[in-house]
Amino acid sequence: MRTTPFILLGLLAIFSAAITSCTSETLPSGKSQAILEMKRANDFHSYSRPEEAVVTHLNWTASIDFATRIITATAAYDIQAAADAERILFDCVDLNVTGVVVDGAPVDWQLGPAQPIMGQPLSIPISKDSKQVLISYQSSPDAGALLWVEGEQPFLFTQSQAILARTWIPCQDSPGIRFTYEAHVDVPTGTMAMMSATNPTEQALDGHYDFVMDQPIPSYLLALAVGNVEFRSVGAHTGVYAVPELIDAAAYEFAEMEELLIAAENLYGKYAWERYDLLVLPAAFPFGGMENPRLTFATPTIIAGDRSLVALVAHELAHSWSGNLVTNATWDDFWLNEGFTVYFEQRIMESVYGREVSEMLATLSYQGLVDEVDQIMDTNPDDTHLKLHLQNRNPDDGMTAIAYDKGYFFLRLLEETVGRETFDSFLKTYFETHSFSVMDTDRFIDYLKTNLLNTPELLATVDLSAWIFGPGLPANCPSVGSKRIERVDAALQAWESGAMSTNDLPWNDWVYQERYRFLSNLDDNSSADRLAELDEAWAISQTGNNEVLFAWLEQSIRSHYGPSYARLESFLVEIGRRKFLTPLYGAMIETDQADLAKRIYALARPHYHSVATGTMDELLNWPG
Ligand code: BES
Ligand code: ZN
C-alpha cells in the first residue's frame, strides 16, 4: 500500500511530461523551451535560425493603400531565445524596414545582401532575455505575393506559399516554424478585409478589421484579401465570400461544402479549425485553390453552374489535416503535403459522390502523371523523386504532378497493400499524433516502418526507396480502372476512324470528366474541319465548364481552329490560373504560333500574378 503514492506520482509525471511536450506544439502561447529545441530539418529556403531564436506569436498592424500599392505595417513578434542567443533572423524581400524595437528600445538592425529567390536576411540583435521585437516597414508595390486588381472593383489578395510571405511581412519564412497571430488592418471603406483567421461576415463602416488566429500556423499560410465581397452561409460551419455579382452562383456551387466537411471528419478525425469558409477570388488568382486556414482562397473558374468542379474544394479542405495540421518540414518534403492531400481528396470524393466518380478522377490524374513523368525524365529525372532537392532553386519548381499524383499513387499502394481499414486507422493516428507539428521525409519513413510496414514482406512489396528516392513510376504502381473512361476512349477511337458520326457521340450524357478525356485525347493533328463538326454539334465553345473549355482551346490551338481564337484570347486575358496558362501558351509555341502567344501575352501580362508571370516570362522568353 505504501507504494501507491509513488505510483501515482510516477503516473502524474508521465502525464505532465506528455502534456508539456504537447503544449509546446499545440498551444498558442506555448512558451516552452521545447520550441527552440525541436528537432528541425534544415530548410535551405529560409535565413532564419530557429535554434537560436524563434517567433511564437505575431501582432500585425497594417494599413492597405490601393493608390500606392503599399502596405504600411508593424510586425510585433513574441520570441523565444536560446541561452546563447545574440540575434534573431527574419526573411525579407523588397521590404522597406524603417525601424526595429526590441522590448521597447530601438536597436541597430541590419539587412544582409539580397539573393535572387531568398531575398535578404534581417538580423536583429537580442539577448537570451529578449521577449519581443517590433519591426516597422513598408511593402514594395511589386511585392511578389500581392496582386492589386484595379478598376471599379478594386481587389487585393496575397499568395504566400511557398516563400512569398516574406514579400509582405518580415517573417521566419520556413514551414517548420509555427506561430499564432492577431492582426489589425485598415482598408478603404466599401471593402472587407479577410485573413487566414477569424473573419468578419459584414463590412465595417470604418474600414477597420481585427483578426485572431489562435492556432499556430507556418508563415506560408498567412493570407490577406481585401475587396467588396459579401458573405453567405451554406452550412453550420461553412460559408462563401464573393463579390456581389458572384455570391448567388458561389452559394449554389459550393452548397455541398458542409457535406464534404462531414465526410472528411468521418474519415480522418475532427476538423481542427472551427470554420471552413471559401473566398472566391478574381480570375487572376494564379492557382485553383489555396488552403489558407479557415478560409480557402479559390479561383472563380471552378464555378461551372453545376457543382462539377468541387473536387478542388475537397482538396483544399483535406489540407486542413494534411499540410495545415501536419506540415512538410521543408519544400523538399512537399509531397507530404500534396500527395497526402490528393489521397484524402479522392477519399472525400468517393465517400460523397461514389467510387465511379472518384475513379474517373484518378484515371485522369494517372494520365496527367504519366505525361508529366515522361516530360520531366527528359530534362531533370531527379525531379521525379518524391523527395526533392530544391536547394539553390525556387521551391516553385517542386510544384509538379510528382508531389501530387505520384504521392497519391504511393499512398494508394499503401492502402492496397495493408487494406483500407488498417490504412485508414494508420492515417487517422498519424494526423492525431502530429497535429500542429512538422514532418520530414525521413521521419515519415521511420513512422511508417514502425506503425504500418512492420514486416520485411510488407517493406518488400512496397519498395519505399523506389517510390521516394527513385525516378519515374515504379512497376508496382496501382492501376486505376474506370469503365466510363474506357467507353469514352472507345468512342473517341470510333469517331476518329469514321466508324461513329459526330451526332452519335453521347456528348450530352457525358459529365465533365468524360468530356475532358475526349477532348484532351483528340489526335493533335485533327483537322480544323473536324473540330468545326464537334463545335457545331455540341456547341463546345459555349461550355460553362472551364476545364472542358481549356481542353477545347488547347486542341483548337493544335488544330489551328480559327473560330476559337477570339475565345482563346479573352480566356487568357481574363484568367490567370497557371495550370491553364502554361499548356495554352506552350501549345502556341510548339505549333509555330509564338507571335500570337506573345501578342496575347502582352495584353494579358499586366493582369497576372507574379507566380504566373514568373513561369510565362521564362516559357515565352519575355520580353525577349
Ligand atoms: N497548396 C496548393 C497550391 C500551392 C502549392 C501554391 C505550392 C504554391 C506553392 C494547393 O492546395 C493546390 O494544390 N492547388 C491546386 C488544386 C488542386 C490540385 C485540386 C491548384 O491550384 O491547381
Ligand atoms: Zn494542394
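These legends go with a handful of close-up views of one protein model, which is predicted.

**View 1. Ligand 1 and the residues around it.**
Let's start with the ligand. Ligand 1 has 15 residues around it, and the closest of them are Q161, G288, E291, E316 and Y404. If you sort the residues of this shell by class, you get six nonpolar, six polar and three charged.

**View 2. Polar contacts made by nitrogen atoms of ligand 1.**
Here we zoom in on the N and O atoms. An N or O atom in the side chain of E291 sits 2.7 Å from a nitrogen atom of ligand 1. E338 brings a polar side-chain atom to 3.1 Å from a nitrogen atom of the ligand. With G289 the backbone does the job: one of its N or O atoms is 3.2 Å from a nitrogen atom of ligand 1. As for cover, ligand 1 on its own has 530 Å² of accessible area, and the protein covers 89% of that. Which elements give two or more residues to the shell? They are β18 (289-290), α5 (311-318) and α6 (334-353). Helix α5 provides the largest share, with three residues.

**View 3. A cis peptide bond at Q161.**
Q161 turned up in the first view as one of the closest residues to ligand 1. The peptide bond that runs from Q161 to A162 is cis, and its omega is near 0°. A162 itself belongs to the loop that links β10 (155-158) with β11 (178-186).

**View 4. The second largest pocket.**
Next up is a pocket with a volume of about 670 Å³, the second largest one. Its lining takes in 26 residues, and those nearest the centre are P282, A283, A284, P300 and E574. At least two lining residues come from each of β9 (146-149), α3 (244-253) and α17 (565-574). How does the lining of this pocket divide by class? It has 16 nonpolar residues, five polar and five charged.

**View 5. The second largest cavity.**
The model has four cavities of 30 Å³ or more. Shown here is the second largest cavity, which holds about 80 Å³ of space. Its lining is made up of Y343, Q346, R347, E350, R355, S358, E359, Y408, R412, E415, E416 and R420. Helices α6, α7 and α8 are the elements that give two or more residues to this lining. Sorted by class, the lining residues are eight charged, two polar and two nonpolar.

**View 6. T384 and its contact with G472.**
T384 is found in the loop between α7 (355-379) and α8 (401-418). Is T384 buried or exposed? It counts as buried because its relative accessibility is 0%, and the cut-off for that class is under 20%. The side chain of T384 comes to 2.9 Å from the backbone nitrogen of G472.

**View 7. The segment after α20.**
Two backbone details share this view. N621 lies in the segment after α20, and its phi is positive, about 50°, although N621 is not a glycine. The relative accessible area of N621 is 52%, so this residue is exposed, given that the class starts over 50%. P623 is also in the segment after α20 (610-619). The peptide bond from W622 to P623 is cis, with omega near 0°.

**View 8. D94 in a loop between strands.**
D94 sits in the loop that joins β3 (87-92) to β4 (96-102). Not a glycine, D94 still has a positive phi, about 55°.

**View 9. A528 and A236.**
A528 is part of helix α15, which covers residues 528-538. With a relative accessibility of 24%, A528 counts as partly exposed, since that class takes in values between the 20% and 50% cut-offs. How far apart are A528 and A236 in space? From C-alpha to C-alpha the two are 50 Å apart, and in sequence they are separated by 292 residues.

Terms used
Residues are numbered from 1 along each chain as its sequence is written. Chains are lettered from A and ligands numbered from 1 in the order in which they are written. This is a predicted model: local features need pLDDT of at least 70, side-chain atom pairs count only at pLDDT 80 or more; totals for chains, interfaces and linings use all residues. Side-chain values use heavy atoms; hydrogens and water are left out. A residue is near a molecule or strand if one of its heavy atoms lies within 4 Å of it. A polar contact is a pair of N or O atoms within 3.5 Å; within protein, one must be able to donate a hydrogen and the other to accept it, and residues adjacent in sequence count only if both atoms are side-chain atoms. Accessible areas come from the Shrake-Rupley method with a 1.4 Å probe; for residues, only the protein chains shown count as cover. Helices (H or I, at least four residues) and strands (E, at least two) are DSSP runs, numbered from the N terminus. Ala, Val, Leu, Ile, Met, Phe, Trp, Tyr, Cys and Pro count as nonpolar, Asp, Glu, Lys and Arg as charged, and the others, Gly among them, as polar. On a 1 Å grid over the protein atoms alone, a cavity is a set of points where a 1.4 Å probe fits but cannot get out, and a pocket is an open set with protein on both sides within 12 Å along at least five of seven lines; lining residues have an atom within 4 Å of a point. Grid points are joined across faces, edges and corners, and a volume is the space filled by probe spheres set on the points. Buried means under 20% relative accessible area, exposed over 50%, partly exposed in between (1.4 Å probe, protein chains only).
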